[in-house]
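Okay, thanks everyone, I'll keep this informal. Have a look at the sequence and the model on the screen, and then I'll walk you through how the pieces pack.

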Amino acid sequence: MATAVLTPDQLDGQAARLHDTQAWQQIVTGWEHTAVEPAPGPGPAKASDWRGMLSVPVDQLIDDTLRALPAPPPHERSLPGRLGAMLPDRVHLWRRVGQSDLRPSVHLGHARQILAEWGWQNTPYRLRNARGARCVCGAMISAHRLGYGSLDTVDRAGAWLITELRAQGWPGLIGPWNRHPGRTAADALALVDATIRRASLAGQ
């Protein structure tokens with residue numbers, strides 16, 4: 001089963017390849033900008049003419065506003081305890097049964113919960129350490145195996161992470177960022193939080 005062999009490095013590579021595609025760049029380019037200011041009319045607009053002052057239809061404004069709302073918090077579904085954190089992720093695959101797909105921002109919310117409750121670690125090329133703590137990519141893979149999002153969602157969530165890292169000036173992949181000397185758990189949580197905001201604002 002593909003989900004049983006995915007590693008943090010494989011996720012990192014897949015997310016980077018997705019980030020570099022032209023389609024992805026079209027998704028992330030200009031998402032934070034608003035519509036162009038409408039040109040002033042020849043005279044003062046009447047109260048009843050307010051729709052004429054808009055540069056886009058009202059329906060589109062409503063849709064854009066709804067898309068910009070933050071992602072809802074993860075559905076309350078407790079993580080397995082400390083023993084569950086130390087077990088191989090394949091043991092938890094049964095939890096995927098009957099689970100629907102999620103937006104990348106919601107998937108990242110579950111990954112954040114894993115980092116916060118099970119802990120963060122930066123051992124090179126390891127999904128977890130002996131205590132069950134995860135790296136950032138490891139938390140995303142674990143969230144998937146616990147039933148939170150498809151593999152495609154995991155890839156898109158990883159691409160959003162790389163997009164956020166580029167915005168913060170980091171030119172490399174997620175794994176080297178996670179392993180960088182001086183990196184802390186607070187840094188990892190802050191990165192995931194910033195990525196959740198970025199993806200949510202883009203309707204993802």
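Let me start with a question: leaving out residues up to four places away in sequence, which residues does Thr-195 touch? The list is Leu-108, Trp-160, Leu-161 and Glu-164. Thr-195 itself sits in helix H10, and it counts as buried because its relative accessible area is 0%, under the 20% cut-off. Keep that residue in mind, since its helix comes back in a minute.

Before that, the overview. This is a predicted model, so please read everything I say in that light. The protein chain has 10 helices and 0 strands, so if you read along the sequence you just get α-α-α-α-α-α-α-α-α-α. There are 204 residues, and 43% of them count as buried. If you take the contacts with a separation of 6 or more, 75% of them are between residues 24 or more positions apart.

Now the core. How many residues are in the largest nonpolar core? It has 32. The residues with the most contacts inside it are Leu-108, Leu-115, Val-136, Met-140, Leu-161, Ile-174 and Trp-177. At least two core residues each come from H2 (8-19), H6 (104-118), H7 (136-145), H8 (151-167), H9 (174-179) and H10 (185-201). H7 gives the largest share, with 6 residues. There's also a second, separate core of 6 residues, and that one includes Ala-159, Trp-160, Ala-199 and Ala-202. As a general point, nonpolar side chains in soluble globular proteins tend to be buried together.

Let's stay with H7 for a bit. Is H7 mostly covered or mostly open? Mostly covered: 10 of its 10 residues are buried. That includes the nonpolar Val-136, Met-140 and Ile-141, but also Ser-142, His-144 and Arg-145. After H7 comes Gly-147, with a positive phi near 105°.

Val-136 is a good place to click if you want to see who gathers around H7. Not counting neighbours within four places in sequence, Val-136 is in contact with Leu-115, Trp-120, Leu-161, Ile-174, Trp-177, Asn-178, Ala-188 and Val-192. Pick Ala-188 from that list and look from the other side. Ala-188 is in H10, and at 0% relative accessibility it counts as buried. With the same neighbours within four places left aside, Ala-188 is in contact with Trp-120, Val-136 and Trp-177. Ala-188 and Gln-121 are also worth a glance: 67 residues apart in sequence, and 9.5 Å apart C-alpha to C-alpha.

On to the helix pairs. H2 and H7 first. Their axes are 9 Å apart and the packing angle is about 95°, which means H2 is roughly perpendicular to H7. On the H2 side the contact uses Pro-8, Leu-11 and Asp-12, and on the H7 side Cys-137, Gly-138, Met-140 and Ile-141. By class that's 5 nonpolar, 1 polar and 1 charged. Pro-8 lies in H2 and is buried, with a relative accessible area of 13%. Pro-8 and Ile-141 are 133 residues apart in sequence, yet 7.3 Å apart in space, C-alpha to C-alpha.

Next, H6 and H10, the pair I promised. They pack at about 165° with axes 9 Å apart, so they are roughly antiparallel. The crossing is left-handed. H6 brings Ser-105, Leu-108, Gly-109, Arg-112, Leu-115 and Ala-116, while H10 brings Leu-189, Val-192, Asp-193, Thr-195, Ile-196, Ala-199 and Ser-200. So there's Thr-195 again, as part of this contact. The class split is 7 nonpolar, 4 polar and 2 charged.

Last pair: how do H6 and H8 cross? At roughly 85°, with the axes coming within 9 Å, and that makes H6 roughly perpendicular to H8. Pro-104, His-107 and Leu-108 in H6 meet Thr-153, Val-154, Arg-156, Ala-157, Trp-160 and Leu-161 in H8. Here the classes are 6 nonpolar, 2 polar and 1 charged.

If you want one residue to rotate around, try Leu-108. Leu-108 is among the residues with the most contacts inside the largest core, takes part in the contact of H6 with H10, meets H8, and is touched by Thr-195.

Notes. Residues numbered from 1 in each chain as written. Predicted model: local features only at pLDDT ≥ 70, side-chain atom pairs only at ≥ 80, totals over all residues. Heavy atoms only, no water. Core = buried A, V, L, I, M, F, W, Y, C linked by side-chain atoms within 4.5 Å. Buried < 20%, exposed > 50% of the residue type's maximum accessible area, 1.4 Å probe, protein only. Helix = DSSP H or I, 4+ residues; strand = E, 2+ residues; numbered from the N terminus. Contact = heavy atoms within 4.5 Å. Axes fitted to C-alpha atoms, helices over the stretch in contact; angles between N-to-C directions. Parallel < 35°, antiparallel > 145°, perpendicular 65-115°, else oblique. Left-handed = near helix turned anticlockwise from the far one by under 90°.
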